[in-house]
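I opened this entry to keep track of what I looked up in the structure, point by point. My notes follow the order in which I went through it.

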Amino acid sequence: MEPVNSQDGRQTCYFLPHHSVFKETSTTTRTRVVFDGSAKTSNGLSLSDILQVGPTVQQDLYSIEMRFRTHQVCFTADIGKMYRQINVHPQDRDLQRILWRYSSDEPIQEYNLTTLTYGTSSAPYLATRCIKKLADDKCQHPRAPQMLSNEFYVDDLLSGTSTIEDAIKVQQEISSVLQTAGFTFRKWASNHSTFLDNIPRELQETQQTLSLDNEDGVTTLGLLWNPTNDQLQVKNNTTQVQPTISTASTKRKVLATTALIFDPLGLLSPAVIAYKIFLQKLWQDKLQWDVLRPAHLQQEWNQLLQTISNLSQLKINRKVICSNAVNTHIHGFCDSTERAYGACLYMRSSDSNNKTSCELLRSTSKVAPLKQLTIPRLELCAATLLSKLYKKAIGALNITTNESYLWTDSSIVLT
């Protein structure tokens with residue numbers, strides 16, 4: 001930040017309220033400053049109200065995580081303080097003004113923030129557009145542009161290759177390209193120790209050598225990935241859920257607690273559908289948001305709530321394709337009941353020795369509509385859900401499969 005020249009007089013400006021937050025689980029910057037660009041001014045508008053948000057220039061989280069599961073050698077990293085490496089034009093810095101003093105003995109001063117700032121609505125687009133610009137400009141490295149365009153989610157890289165030699169080469173290429181713009185990769189993690197031997201210790205994720213626990217894995221965009229065993233776990237929100245066991249007795253608290261289960265790949269769909277069905281019951285009873293639930297619903301919810309902490313104990317293999325695969329098939333299944341319907345995809349692969357692997361790739365589920373439908377119609381809904389799931393998965397994956405099969409036990413659907 002830079003001090004404001006008092007001789008210039010008060011120009012059109014915006015003062016950003018700010019405060020610190022403490023994130024104990026962070027392995028790098030535990031104390032961060034949060035700015036509030038949505039705070040209203042005297043004319044009723046905030047900075048966020050007058051800023052363009054910008055379009056999405058990166059691929060969605062679903063596609064990135066799907067591809068992440070197909071690599072033999074995978075790695076993750078993030079850009080250190082990405083926003084702070086991007087300068088804001090001097091003419092716009094008056095809209096990022098703060099009040100600050102370094103001690104209570106000093107007078108309050110006015111400063112303009114000179115770089116992109118957390119809490120402003122345009123910052124995510126401007127930062128990700130810089131990454132996209134690097135991909136468009138730096139084409140002397142063959143694979144770096146593709147990774148910059150398709151393997152980033154904000155400042156996180158999730159990618160991989162088929163061999164350790166390729167992974168090391170790609171890491172060097174993409175780090176070199178980012179360094180030209182002042183971006184530095186940190187918190188490198190990989191399922192191969194040989195890959196990490198070429199990276200300075202201070203730039204590696206410190207948690208990767210710890211034992212297999214939820215808190216010991218590397219947080220990968222809402223999933224926990226333990227590089228040592230190359231397994232995925234759902235992010236552990238137990239500490240947030242436990243205090244609500246005795247108090248989650250309204251529809252508002254049920255919805256807030258259910259939202260803690262973050263499962264972008266649908267690996268927990270068979271369990272999560274139970275919470276969706278329960279939420280539907282609350283809507284059927286037409287309860288207000290903050291009205292206490294009947295005793296029978298409270299008892300059912302308490303039983304569901306006790307199982308949330310158990311979900312984080314599940315371990316799922318990250319890699320869905322076996323090594324040196326010569327055949328890969330996708331098998332999809334769909335089915336329905338009166339209460340809900342769902343679909344899932346499995347990746348089946350085999351090598352030249354006929355060693356076969358079959359892993360859950362993706363699944364999803366939906367509750368049946370409140371207006372009662374016949375089972376054949378719900379089976380058709382499930383088949384439609386599977387076809388959409390398959391189409392999106394094929395679009396996200398960059399692999400060639402030998403054959404695909406979509407299965408249903410409903411003769412009406414097949415007809």
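I began with Asp409, bearing in mind that the model is a predicted one. Asp409 has a relative accessible area of 60%, and because exposed means over 50%, I entered this residue as exposed. I located Asp409 in the loop between β17 and α12. Leaving aside neighbours within four places in sequence, I found Asp409 in contact with Asp335 and Glu379. I also looked up the separation of Asp409 from Phe333: the two are 76 residues apart in sequence, and their C-alpha atoms lie 9.1 Å apart in space.

Glu379 led me to helix α11, where it is listed among the buried residues, together with Leu378, Ala382, Leu385, Leu386, Leu389, Ala393 and Ala396. Looking down the axis of α11, I noted that the buried residues fall within an arc of 115 degrees, so they line one face of the helix. An α-helix has 3.6 residues a turn, so residues three or four places apart point the same way. On the face of α11 turned away from the buried side I recorded the exposed residues Arg377, Lys388, Lys391 and Gly395. I then asked which elements the buried residues of α11 pack against. They pack against α2 (61-68), the strands β14 (325-336), β15 (340-351), β16 (356-367) and β17 (403-407), and α12 (411-414).

I also checked the length of α11, which runs over residues 375-396: at 1.5 Å a residue its 22 residues should span 32 Å, and the end C-alpha atoms are 31 Å apart, which agrees.

Next I turned to Thr120, in the loop between β6 (109-112) and α3 (123-137). Is Thr120 buried or exposed? Its relative accessible area is 6%, and because buried means under 20%, I entered Thr120 as buried. Not counting residues up to four places away in sequence, Thr120 touches Leu47, Leu51 and Gln96. The C-alpha atoms of Thr120 and Asp36 are separated by 7.3 Å, although the two residues are 84 apart along the chain.

Last, I looked at the second largest pocket, which holds about 370 Å³ of space. It is lined by 21 residues, of which Thr70, His71, Gln72, Thr161 and Ser162 are the closest to its centre. The lining divides into six nonpolar, 13 polar and two charged residues. I noted that α4 (144-150), β8 (156-161) and β14 each supply at least two lining residues, and that β8 gives the most, with three.

Technical notes:
Residues are numbered from 1 along each chain as its sequence is written. This is a predicted model: local features need pLDDT of at least 70, side-chain atom pairs count only at pLDDT 80 or more; totals for chains, interfaces and linings use all residues. Side-chain values use heavy atoms; hydrogens and water are left out. Helices (H or I, at least four residues) and strands (E, at least two) are DSSP runs, numbered from the N terminus. The expected span of a helix is 1.5 Å times one less than its number of residues. Buried means under 20% relative accessible area, exposed over 50%, partly exposed in between (1.4 Å probe, protein chains only). The arc is that of the directions from the helix axis to the C-beta atoms. Contact means heavy atoms within 4.5 Å. On a 1 Å grid over the protein atoms alone, a cavity is a set of points where a 1.4 Å probe fits but cannot get out, and a pocket is an open set with protein on both sides within 12 Å along at least five of seven lines; lining residues have an atom within 4 Å of a point. Grid points are joined across faces, edges and corners, and a volume is the space filled by probe spheres set on the points. Ala, Val, Leu, Ile, Met, Phe, Trp, Tyr, Cys and Pro count as nonpolar, Asp, Glu, Lys and Arg as charged, and the others, Gly among them, as polar.
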